[in-house]
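Reader: I am a first-year student and would be grateful for a close look at a single part of this structure. Could you please take me through one sheet and what surrounds it, in a connected account?

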Amino acid sequence: MSFSATDHALMARALRLAERGAYTTRPNPMVGCVLARDGEVVGEGWHQRKGGPHAEVFALRAAGERARGATAYVTLEPCAHHGSTPPCADALIAAGVARVVAAMRDPFPQVDGAGFARLRAAGIVVEYGLLEAQARELNRGFLARIERGRPWLRVKLAMSLDGRTALANGESKWITGEAARADVQRWRARSGALLTGARTVLADDPQLTVRLPDTEVVPPLRVVLDPGLVSLGRSRVREGDAPTLYVHAPDACIPQDMAVAHVAAPVRGARLDLAAVLRLLAERGINEVQVEAGPTLAGAFLQAGLVDELLLYVAPVLLGAKARPLLDGLAIDTMAQRLRMSLLDSRQVGEDLRLLLRPQADPAAAAGTGQG
């Protein structure tokens, strides 16, 4: 399918609009829409928050009668079902648009091609696949939840130049500078859940909230993995407006006066089954999880093959051999076992270096997957 330079430019504009909903749309995907006639934009909009109008509706409102005969550039297939709002496909049909260009098909079961089919049945030209890779990247959390049944998992870590995260006594404030800590808040804001472990709660008593003044943010769910509910004495993780969920073992002793949300997860060996934990969070509509924990839990997620993304801040300091390592429990004995990472982004944030990395697929495992 061939798209013009104008098509590319207007879809790129729609993607930029969609990103404005990063902090407020979950569990819905981020969606942007641009309406244009003869290359001139006549209306645009984005999905701003769950339960509110979708991107297409905002764009149609802005365009008014100029929407008739226009091309709609939308970053995700228009919906065809009644959810919190009426179907966007019907709104586009009623407005008389002539053509719809979508970045990608929506894998959500109640849509998944039905939106395109309804538009085509009404005589509208439908094309899709324009800037699809960028659209998938934008909504990687939503797509992970819908397509594989678990959220996108990002592990956030901060380390010294010699790969240490804290002094031997546990002191870690502050390895990174103020600019890096502010940057973390934006990554927190786009997350559906911030996850930590009981050890971190006991040691640091974190609040795990988003601190972005003058910015609208839906507070992420705070998730504490605590098999025996031993960290309940630390209360900061339950303070404020953000909800909190404790995930514990099935045989945990639950206090009679426990007012905070909690759920049991299966145990594998002596630990919670981390894959099962992620499935539980997906069932609660969580698209992206950001892990902010110590080296043991972070290492366990990586060892289990559940990490999609590593957000690593490197401070220009040295902490020495006695300090605590970045990750524990990887059980790497040979160079052949080393975990390879792809570097997606590298940038300076204040005095620190921020690396965004993703684990590389095991070529042998990938080859084996393709054989029946």
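Author: What follows is an account of the nine-stranded sheet, with a shorter look at the other parts of the structure. The model is predicted.

The sheet is open, and its nine strands follow the order β11-β10-β9-β8-β14-β6-β15-β18-β17. Their pairing is mixed. At the edges stand β11, residues 261-264, and β17, residues 341-349. Each of these two has a single partner strand, so one side of each is left without a neighbour in the sheet. From one strand to the next, the twist averages 20°.

One pair may serve as an example. Strand β9, made of residues 221-225, and strand β10, made of residues 244-248, run in the parallel sense and pair over four bridges. Within this region, L225 stands opposite V247 in β10.

Two helices may then be placed against the sheet. Helix α6, residues 140-148, lies across β6 (152-159), β14 (288-291), β15 (309-314) and β18 (352-359). Its direction makes an angle of about 135° with β6. Helix α10, residues 295-303, lies across β6, β8 (193-197), β9, β14, β17 and β18. For helix α10, the angle of about 115° is the one to β8.

Next come the nonpolar cores. The largest has 46 residues, and M11, L35 and V100 have the most contacts inside it. Helix α1, residues 5-18, gives the largest share of this core, with six residues. A second, separate core has 37 residues, including L157, L221, L278 and A298.

For comparison, there is also an open sheet of five strands, in the order β2-β1-β3-β4-β5 and with mixed pairing. Its edge strands are β2 (40-46) and β5 (125-128), each of which pairs on one side only. In this sheet the twist averages 15° from one strand to the next. Strand β1, residues 32-37, pairs with β2 in the antiparallel sense over six bridges, and A36 stands opposite V41 in β2. Helix α2, residues 55-63, lies across β1, β2 and β3 (71-74), at about 140° to β2.

Finally, a search of the whole structure finds one cavity of 30 Å³ or more. The largest cavity holds about 110 Å³ of space. It is lined by 13 residues, of which R26, M30, R190, N287 and E288 are the closest to its centre.

Note on methods. Residues numbered from 1 in each chain as written. Predicted model: local features only at pLDDT ≥ 70, side-chain atom pairs only at ≥ 80, totals over all residues. Heavy atoms only, no water. Core = buried A, V, L, I, M, F, W, Y, C linked by side-chain atoms within 4.5 Å. Buried < 20%, exposed > 50% of the residue type's maximum accessible area, 1.4 Å probe, protein only. Pairing = 2+ DSSP bridges. Axes fitted to C-alpha atoms, helices over the stretch in contact; angles between N-to-C directions. Contact = heavy atoms within 4.5 Å. 1 Å grid on protein atoms, 1.4 Å probe; cavity = no way out; pocket = protein on both sides within 12 Å on 5 of 7 lines; lining within 4 Å. Points joined across faces, edges and corners; volume = space filled by probe spheres on them.
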